[in-house]
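The following exercises are to be solved with the sequence and the structure at hand. Please read each task sentence before turning to its solution.

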Amino acid sequence: MAETNNSIMLAKNKFAIWALTGPVAVTTVFFNLYILLMSLGNYKKNMRWTPSETIITALSVACGAHQLICYLWMTMDEVDRECHIDRLPYSIMLLVIFSLKFTIMWTTGFLTFYYSTKIVTTPNQCYTRIQETILKHVTLAVFLIPLCGLGTCMPMLVVLHPDNYTMDNQDCGVIIPETTPGKVYEGMYLILADVLPGVLMIKCCISISVHLTIHLRNMKASTNGAHGPKLGTQMRVIRMALSLVAVFLCFVVVDLYVNYQISVHHENAIVLTFFFASIYTSGCAMVLVYGKKTLWKALIRAYNEFLDEYPCLSCLKVPEKKAKPSSPPKINN
């Protein structure tokens with residue numbers, strides 16, 4: 001009786017997580033589709049993308065695809081509770097999800113690295129040349145990252161087993177590391193997909209924070225403390241980069257914990273990691289829209305134009321212009 005009650009409770013929890021993921025998924029797809037369409041419009045207008053636009057477009061495509069496949073898997077798992085569908089399609093979908101997750105992590109790290117190179121200057125000529133070489137091949141890097149993700153995840157179908165090996169209320173086709181090679185592989189995957197891009201982003205975050213501190217001190221000293229320093233567009237980019245790192249680190253902590261519970265204790269928690277992944281991709285898209293001034297202004301303008309159709313909602317309009325700061329330094333965003 002206790003096991004039956006526990007199974008019913010787990011089923012209700014899974015359904016609740018699936019239901020909560022729905023609105024988050026809609027938000028994720030909306031913002032990432034908006035970023036993609038705006039980027040394509042800019043490309044059609046200018047016939048080229050800046051390096052940041054290239055990286056952001058690739059990130060929006062990966063986040064959108066990851067969200068759609070995640071929610072499709074969760075829906076199939078919710079509808080097909082008896083696992084009548086063959087396990088292989090579930091396992092292949094999980095492989096694609098993990099591959100896209102790898103792509104999202106490294107593309108986010110690459111974007112943070114790009115902004116750190118634009119904001120922070122270093123006297124180390126060797127490091128500067130490495131940065132320049134990488135940034136000259138942004139498009140190639142954007143294509144190589146998903147290929148590396150797919151290559152990293154392909155061994156999953158060999159060393160991991162597509163079995164229903166979670167404890168109660170089993171999921172269909174969950175890939176579980178039952179053998180020692182499988183556990184070693186999963187540890188290596190988590191290091192490659194979570195830890196290493198996290199280290200890169202923390203390094204970039206520290207560099208940006210140190211640069212910001214020094215810059216603010218110098219600006220305040222140059223004005224003799226008469227008024228607070230203003231960074232204009234540069235501050236917007238710094239906020240975006242630091243926010244991306246903060247959202248990333250929160251997700252990585254949860255993701256590592258959930259994967260530990262799944263692999264070591266065989267707990268039924270994969271839908272939970274998909275839920276937090278959905279929150280991460282949604283938050284990431286919102287940060288990107290706010291950080292890119294052109295995207296943010298276009299979104300606010302479209303939002304206000306929509307409210308113009310309904311005068312009773314005019315109180316919800318958002319001001320499109322702010323007072324301009326005096327002589328704000330600019331940065332290519």
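**Exercise 1: Thr108 and its surroundings**

Thr108 has its place in helix α3, where helices (H or I, at least four residues) are DSSP runs numbered from the N terminus. The model is a predicted one, in which local features need pLDDT of at least 70 and side-chain atom pairs count only at pLDDT 80 or more, while totals for chains, interfaces and linings use all residues. Residues are numbered from 1 along each chain as its sequence is written, and side-chain values use heavy atoms, with hydrogens and water left out.

Task: State whether Thr108 is buried or exposed, and list which residues Thr108 is in contact with, leaving aside its neighbours within four places in sequence.

Solution.
Step 1. Thr108 has 0% relative accessibility and therefore counts as buried; buried means under 20% relative accessible area, exposed over 50%, and partly exposed in between (1.4 Å probe, protein chains only).
Step 2. With neighbours within four places in sequence left aside, the contacts of Thr108 are Leu59, Met201, Leu244, Tyr280 and Cys284. Contact means heavy atoms within 4.5 Å.

**Exercise 2: Salt bridges**

Task: Determine how many salt bridges a search of the whole structure finds, and describe how Lys101, Asp194 and Asp255 are linked.

Solution.
Step 1. The search of the whole structure yields 2 salt bridges, each being a side-chain nitrogen of Lys or Arg within 4 Å of a carboxyl oxygen of Asp or Glu.
Step 2. One salt bridge joins Asp194 to Lys101, with the closest N and O atoms 3.4 Å apart. Asp194 belongs to helix α7 (residues 180-222) and Lys101 to helix α3 (residues 87-119), so this pair ties together parts 93 residues apart in sequence.
Step 3. Asp194 is buried, at a relative accessible area of 0%, and Lys101 is buried at 6%.
Step 4. Lys101 also forms a salt bridge with Asp255, where the closest N and O atoms are 2.3 Å apart. Asp255 lies in helix α8 (residues 233-265) and Lys101 in helix α3, so the parts tied together are 154 residues apart in sequence.
Step 5. Lys101, Asp194 and Asp255 are thus linked in a network of salt bridges.

**Exercise 3: Two packed helices**

Task: Find at what angle helix α9 and helix α10 pack.

Solution.
Step 1. Helix α9 (residues 270-291) and helix α10 (residues 293-308) pack at about 95°, and their axes are 5 Å apart. Axes are lines fitted to C-alpha atoms, for helices over the stretch in contact, and angles run from 0 to 180 degrees between N-to-C directions.
Step 2. This makes α9 roughly perpendicular to α10, a term for angles of 65 to 115 degrees.

Note on methods: Angles under 35 degrees count as roughly parallel, over 145 as roughly antiparallel, 65 to 115 as roughly perpendicular and the rest as oblique.
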